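Reader: Could you take me closely through one helix of this model, from its own geometry to what packs against it? I would like the cut-offs behind each term to be stated as you go.

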Amino acid sequence: MATARLSLTPLQSCYCISGDEILLHVEACDAIRLASREQGFTERHRFVMDGRSDWTEVFEASQALSLFGDKRLIDISIPTGKPGRQGSEAILQIVAQQAQPNPDTVFLFQLPRLDRSTRASKWAKALESNSQWLDVPTIYKNQLPNWLQQRTQLNKQHLDEDALHWLSQQVEGNLLAAHQEIQKMALLYPEGTLTLNQVQAAVLNVARYNVFDLREAMLLGDAKRALTILHGLRGEGEALPLVLWAIGDEIRLLASLSALQQSGGNLQNALRAQRVFGPREQQLMRCLQRIAPHAWPAAVRHAHEVDQLIKGLSVPGCLDDPWEEAARLCLRIALAN
């Protein structure tokens with residue numbers, strides 16, 4: 001697992017997690033947060049930044065004196081991977097402070113997989129040199145069977161050859177969906193070898209609604225259907241973090257594609273790199289044509305606000321119920337034109 005490469009005891013003063021595999025990215029960040037809490041860093045400040053953000057609050061949080069002497073984790077997410085000029089200077093300033101780090105403060109930077117030019121920028125090179133940087137690996141199609149088997153073995157189970165081949169085809173490279181199915185089988189079956197019939201019985205026992213139908217309705221601008229599916233998922237007890245992953249991941253992808261399109265980049269190459277083909281590719285392209293480029297940064301921020309609500313945090317301007325705010329996020333995309 002990617003988290004095995006992290007040095008967490010004792011904690012380092014600065015971490016950076018970079019990559020596009022959502023499941024592995026979340027697991028790495030969660031491992032750092034857990035280690036932080038266990039080592040007394042009980043105060044956490046979370047910031048979602050982009051190229052226009054003001055970093056003043058970040059410095060205030062990192063330098064403020066705690067009334068109770070609590071240690072703090074400064075959790076900074078830059079979903080676009082583009083901090084802008086002010087953000088670049090702020091990161092360089094934070095990096096410079098690591099020469100004499102504050103033992104009561106740990107920084108965690110969250111980045112997508114950076115392109116070559118961004119990775120070569122001054123701020124990224126400085127951050128890589130002065131933090132524990134973890135590149136979350138991309139699990140390609142030919143690596144997926146081995147990944148699935150390793151994950152299954154963590155639960156002391158083993159997929160036979162037919163089951164492994166079938167499950168690899170079924171999850172289509174979606175690691176979060178694969179993780180969900182593996183955890184489901186751990187609950188349904190005892191330790192030991194799992195057959196094709198057992199795996200199919202677990203995976204094909206699907207609910208009436210699923211998150212992929214929700215994503216499709218949102219992309220196609222079918223607001224009524226999107227709300228029907230979302231309310232159905234809530235009624236069936238679906239986990240809201242999984243629902244947010246499905247719509248939030250799509251919004252982040254569309255935001256990056258829109259930015260690439262505005263800069264004259266090759267969308268087809270980008271879609272291939274993200275393993276997007278067929279009907280989903282057509283849905284994404286139509287959505288890009290329907291929604292103005294300036295709408296995407298706000299949509300990305302909205303998705304992160306829903307994530308904060310799920311974690312029990314209060315977000316100004318948002319509804320208290322994260323499910324209702326997720327509905328507003330879906331409508332934001334479905335109704336935009």
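**A close look at helix α14**

Author: The 13 residues of α14 should span 18 Å at 1.5 Å a residue, and this agrees with the 19 Å that separates its end C-alpha atoms; the expected span is taken as 1.5 Å times one less than the number of residues. A helix here is a DSSP run of H or I with at least four residues, numbered from the N terminus. This is a predicted model, in which local features need pLDDT of at least 70 and side-chain atom pairs count only at pLDDT 80 or more, while totals for chains, interfaces and linings use all residues. Residues are numbered from 1 along each chain as its sequence is written, and side-chain values use heavy atoms, with hydrogens and water left out.

Within α14, the buried residues are Glu 281, Gln 283, Leu 284, Cys 287 and Leu 288, where buried means under 20% relative accessible area, exposed means over 50%, and partly exposed lies in between, for a 1.4 Å probe and protein chains only. Because these buried residues cover an arc of only 160° around the axis, they fall on the same side of α14; the arc is that of the directions from the helix axis to the C-beta atoms. Pro 279 and Gln 289, by contrast, are exposed on the other side of α14.

The cover over the buried residues of α14 includes α10, α12 (240-262), α13 (267-273), α15 and α16, contact meaning heavy atoms within 4.5 Å.

Of these, α10 can be followed further. Two packed helices are described by the angle between their axes and the distance between the axes. The axes of α10 and α14 (residues 278-290) come within 8 Å and cross at roughly 35°; axes are lines fitted to C-alpha atoms, for helices over the stretch in contact, and angles run from 0 to 180 degrees between N-to-C directions. From α10, Arg 215, Glu 216, Met 218, Leu 219 and Leu 220 meet Arg 280, Gln 283, Leu 284, Cys 287 and Arg 290 of α14. By class, this contact has 5 nonpolar, 1 polar and 4 charged residues, with Ala, Val, Leu, Ile, Met, Phe, Trp, Tyr, Cys and Pro counted as nonpolar, Asp, Glu, Lys and Arg as charged, and the others, Gly among them, as polar.

Arg 215 itself belongs to helix α10 (residues 211-220) and is buried, at a relative accessible area of 13%. Apart from neighbours within four places in sequence, Arg 215 is in contact with Ala 246, Glu 250 and Arg 280.

Definitions and conventions: Helices (H or I, at least four residues) and strands (E, at least two) are DSSP runs, numbered from the N terminus.
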